[in-house]
Amino acid sequence: MEIIKSRKNKVIVDTLKIKKEPKDALFLENIKLINEAISCGCSLRYTLISSKKEEYYLKNFPLLFNYDYHIVSEDIIKYLSDTKTPQGIIGVIDLKSLKNEINLNENFIVLDNIQDPGNLGTIIRSASGTSFTNIFLINCVDIFNQKVIRSSMGGIFKVKTKKFACDNDFLDFANRNKLKYMVASMEGENIFKIKSSLPQIGVAIGNEGSGVSKNIKENASMIISIPMKNNLESLNAAVSCSILIYYLDALSN
C-alpha cells in the first residue's frame, strides 16, 4: 500500500476538517478510544496508521484492518495529532452510529454552562460508571471538543446527551416531561443526610465559577451540598458531580 506523505492529500484534508468541525464524523487519536467506540457499536469509517506502527497494529489489533485504512508517514500523524507523543493511529467514526437517545425514565445530570473541557470530559467519564448516563447540556462546551473526548476516556460513547441553548429551553423541556432535579449549592442540605432512594434522580451542576443559573436553581426540587471542613469553600465541578452521583447511585441500588 502506498504511504500517504502529502498534507494536501484529500484523505488528510478531509480528516483535518473532521477534526476541526465534527458534524457527521468524529476524529479519534487514541487506540483505546477507537476500540471503545467500536465496542459501543460505532461505525469506524477509516483509520490512518503510521508506517512505523503498521506492523505493531497488525499484530496487536488485527480487527482494525477489517475496516478501511490508510498508511501514512510519521509526519502526517504528528501534523494531525494534538498529543505530544502520538500513538501512530487516528480513527474516524460516523457520528450517526453513536447511540444517543435520552431515556426520560432514568437518572440524569443537568450541566449548566460548563465551559472547561477537562471538567466536562471528567463528568462524562464518571457518569458512564453510574446510572446517571443521561446528560442535559445547557450552553456547555462542545462535547466533541478533543479535550473533552480525551478526558472522558471513552465514557463519551456510553452516555446519552441532549443540548439546550439556554436554561429556559431546558426548563420548558423538564416541565413537559415532569423531570425533577436537585441543585448542588453550598447552602444546600447535606447530601449524606439523604438516606432513602428516589424513583428518579436528577442532579444539576453549574459553571465552574458562578454555579447554576438563578432560573435553574429556583426551579429545583431540592438544594443539596457536600459538607466541607477546614474552611474549604467549594470543590471542582467535576469532583462535586462525581461525589454526588456516586453517592446517589449507591442509594438507588
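# Exercises: contacts in a predicted fold

Asp82 is partly exposed, with a relative accessible area of 44%. That value, like the others here, comes from a predicted model. Keep Asp82 in mind, as the opening exercise starts there.

## Exercise 1: A salt bridge in steps

Work out which residue meets the side chain of Asp82 in a salt bridge, and where the two partners lie.

**Solution.**

Step 1. Look for the charged partner: the side chains of Lys19 and Asp82 meet in a salt bridge, at 2.8 Å from N to O.

Step 2. Place both ends. Lys19 belongs to helix α1, while Asp82 is in the loop between α4 (74–80) and β4, so the pair ties together parts that are 63 residues apart in sequence.

Step 3. Check how covered Lys19 is. Its relative accessibility is 15%, and the limit for buried is under 20%, so Lys19 counts as buried.

## Exercise 2: Two more long-range links

How many salt bridges does the structure hold? Describe the ones made by Glu29 and Glu36.

**Solution.**

Step 1. Start with the total: there are 13 salt bridges in the structure.

Step 2. Take Glu29. Its salt bridge is with Arg150, and the closest N and O atoms are 3.7 Å apart. Glu29 sits in the loop between β1 and α2, and Arg150 in helix α6 (residues 146–152), so to speak a link between distant parts of the chain, 121 residues apart.

Step 3. Compare the surroundings of these two. Glu29 is buried at 6% relative accessibility, whereas Arg150 is partly exposed at 27%.

Step 4. Now take Glu36, which forms a salt bridge with Lys158; here the closest N and O atoms are 3.2 Å apart. This pair also links distant parts of the chain: Glu36 is in helix α2 and Lys158 in the loop between α6 and β7 (160–164), 122 residues apart.

Step 5. Glu36 is buried, with a relative accessible area of 15%, and Lys158 is partly exposed, with 39%.

Step 6. One more thing to spot: Asp24, Arg45 and Asp94 are joined into one network by salt bridges that share partners.

## Exercise 3: Reading a sheet

In what order do the strands of the four-stranded open sheet lie, and which strands stand at its edges?

**Solution.**

Step 1. Write down the order: β1-β4-β2-β3, with mixed pairing.

Step 2. Look at the two ends of that list. β1 (25–28) and β3 (69–72) each have a single partner strand, so one side of each is left without a neighbour in the sheet.

Step 3. Add the twist: on average, neighbouring strands of this sheet are turned by 15° against each other, direction ignored.

Step 4. Zoom in on one pair. β1 and β4 (residues 89–94) pair in the antiparallel sense over four bridges. For Ala25, the bridge partner in β4 is Asp94.

Step 5. Put the helices on. Helix α1 (residues 10–20) packs on the sheet and touches β1, β2 (44–50), β3 and β4, with its direction at about 115° to that of β2. Helix α2 (residues 31–39) lies across β1, β2 and β4 and runs at about 25° to β4.

Step 6. Pick a residue within β2, such as Thr47. Thr47 is buried, at 0% relative accessibility. Leaving aside residues up to four places away in sequence, Thr47 touches Asp68, Tyr69, His70, Ile90 and Gly91.

## Exercise 4: Rings

Decide whether the rings of Phe65 and Tyr69 are stacked or edge-to-face.

**Solution.**

Step 1. Know what to look at: a pair of aromatic rings is described by the distance of the centres and the angle of the planes.

Step 2. A search of the whole structure finds 12 aromatic pairs. For Phe65 and Tyr69, the centres are 4.8 Å apart and the planes make 75°.

Step 3. An angle over 60 degrees counts as edge-to-face, so that is the name for this pair.

Step 4. Check the burial. Phe65 is buried at 16% relative accessibility, and Tyr69 is partly exposed at 23%.

Step 5. Rings can also gather in a group: Phe108, Phe136, Phe164, Phe170, Phe173 and Tyr181 form one aromatic cluster.

Step 6. A charge may join in as well. Lys53 lies over the face of Tyr56, 5.8 Å from the ring centre.

## Exercise 5: One leucine

Is Leu171 buried or exposed, and which residues does Leu171 touch?

**Solution.**

Step 1. Leu171 lies in helix α7 (residues 167–176).

Step 2. Its relative accessible area is 7%, so Leu171 is buried.

Step 3. Not counting residues up to four places away in sequence, Leu171 touches Tyr181, Asn215, Ile216 and Asn219.

How values were computed. Residues numbered from 1 in each chain as written. Predicted model: local features only at pLDDT ≥ 70, side-chain atom pairs only at ≥ 80, totals over all residues. Heavy atoms only, no water. Phe/Tyr/Trp six-rings, centres within 6.5 Å; stacked < 30°, edge-to-face > 60°. Buried < 20%, exposed > 50% of the residue type's maximum accessible area, 1.4 Å probe, protein only. Lys NZ or Arg CZ within 6 Å of the ring centre and 35° of its normal. Pairing = 2+ DSSP bridges. Helix = DSSP H or I, 4+ residues; strand = E, 2+ residues; numbered from the N terminus. Axes fitted to C-alpha atoms, helices over the stretch in contact; angles between N-to-C directions. Contact = heavy atoms within 4.5 Å. Salt bridge = Lys/Arg side-chain N within 4 Å of Asp/Glu carboxyl O.
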